Amino acid sequence: MNTIFDLTFNDTRIERGTYENCIFENCNFTAYELNDYSFIECRFEECNLSNCNLSNSSFKDVIFNGCKMLGIDWSRINPFLLKVKFTKCQLNFSVFNNIKFKGSSFFECDLSSSDFTNTSLIEVDIVDCNLDRAVFENTDLQKANLKDSYNIVLDPRVNRLKGLKVPQSQLEGLLLYFGIKTIK
């Protein structure tokens, strides 16, 4: 496989290979087969990666800004040295099962109906994100920061939450499974 360095791409025609320090701007990768690609210190700006197949692809220090990424099964990626930063991305219906997101972050993202089952989000920032109908089961959220995130519903009986930072306005989503309601 080829290694491509320091280039900017504005279309979807990229070859399978390793991309280092590359920028992808306004690319439409909808339903694209990105199997076995490697992205190292790359940036995706305003790209559409919805329904992409990412099997065995790797993402090391990759930034996604303003991207549409609906329905991606992230559980199929190569998790070795995974580190990603999502900012203002649409990640609805994504599957993040069995991934360790050490050093990763989500800022101002829509994570509606996404699945975080068996995912490690230890010390991960999930700031100002919509978590409507997101699934958290056997998820490790220890010391995670959910500052300003909303529509949070977490069952403390099946998730690890020690040290979790959650907005006071969202505490009801932690009490829901116990039948407890907050009053003002």
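Serine 114 touches Leu91, Asn92, Phe93, Ser94, Phe96, Arg133, Ala134 and Val135, leaving aside residues up to four places away in sequence. Bear in mind that this is a predicted model. The serine sits in the loop between strand S9 (105–107) and strand S10 (125–127). With a relative accessible area of 0%, serine 114 is buried. Its side chain also has a polar partner: the side chain of serine 114 reaches the backbone oxygen of leucine 91 at 2.8 Å.

Leucine 91 turns up again around a tryptophan. Tryptophan 74 touches Leu54, Phe59, Phe64, Met69, Phe86, Leu91, Ser94, Val95, Phe96 and Ile99, again not counting residues up to four places away in sequence.

On to the core. The largest nonpolar core has 51 residues, and the ones touching the most other members are Phe24, Phe44, Leu49, Phe64, Trp74 and Phe106. Two elements, strand S7 (58–65) and strand S8 (83–87), give two or more residues to this core. The top contributor is S7, with 3 residues. As background, nonpolar side chains in soluble globular proteins tend to be buried together.

Now for the rings. A search of the whole structure turns up 27 aromatic pairs. Here are two of them:

| Ring pair | Centre distance | Plane angle | Type |
|---|---|---|---|
| Tyrosine 19 and phenylalanine 24 | 5.7 Å | 65° | edge-to-face |
| Phenylalanine 64 and phenylalanine 86 | 5.2 Å | 15° | stacked |

The phenylalanine 64 and phenylalanine 86 pair links distant parts of the chain, with phenylalanine 64 in strand S7 and phenylalanine 86 in strand S8, 22 residues apart. Because its planes are at 15°, under the 30 degrees cut-off, this pair counts as stacked. Phenylalanine 64 is buried at a relative accessible area of 0%, and phenylalanine 86 is buried at 0% relative accessibility too. Tyrosine 19 and phenylalanine 24 are both buried as well.

Last up, the cysteines. If you're looking for disulfides, the search of the whole structure finds 0. Cysteine 42 is in no disulfide, and the nearest cysteine sulfur, that of cysteine 22, is 4.9 Å away. Cysteine 47 is in no disulfide either, with the nearest cysteine sulfur, that of cysteine 27, 4.5 Å away. Why don't these sulfurs count as disulfides? A disulfide needs the two sulfur atoms within 2.5 Å. Cysteine 42 is buried, with a relative accessible area of 2%, and cysteine 47 counts as buried at 2% relative accessibility.

Conventions
Residues numbered from 1 in each chain as written. Predicted model: local features only at pLDDT ≥ 70, side-chain atom pairs only at ≥ 80, totals over all residues. Heavy atoms only, no water. Helix = DSSP H or I, 4+ residues; strand = E, 2+ residues; numbered from the N terminus. Buried < 20%, exposed > 50% of the residue type's maximum accessible area, 1.4 Å probe, protein only. Polar contact = N/O pair within 3.5 Å; in protein donor to acceptor, adjacent residues only side chain to side chain. Contact = heavy atoms within 4.5 Å. Core = buried A, V, L, I, M, F, W, Y, C linked by side-chain atoms within 4.5 Å. Phe/Tyr/Trp six-rings, centres within 6.5 Å; stacked < 30°, edge-to-face > 60°.
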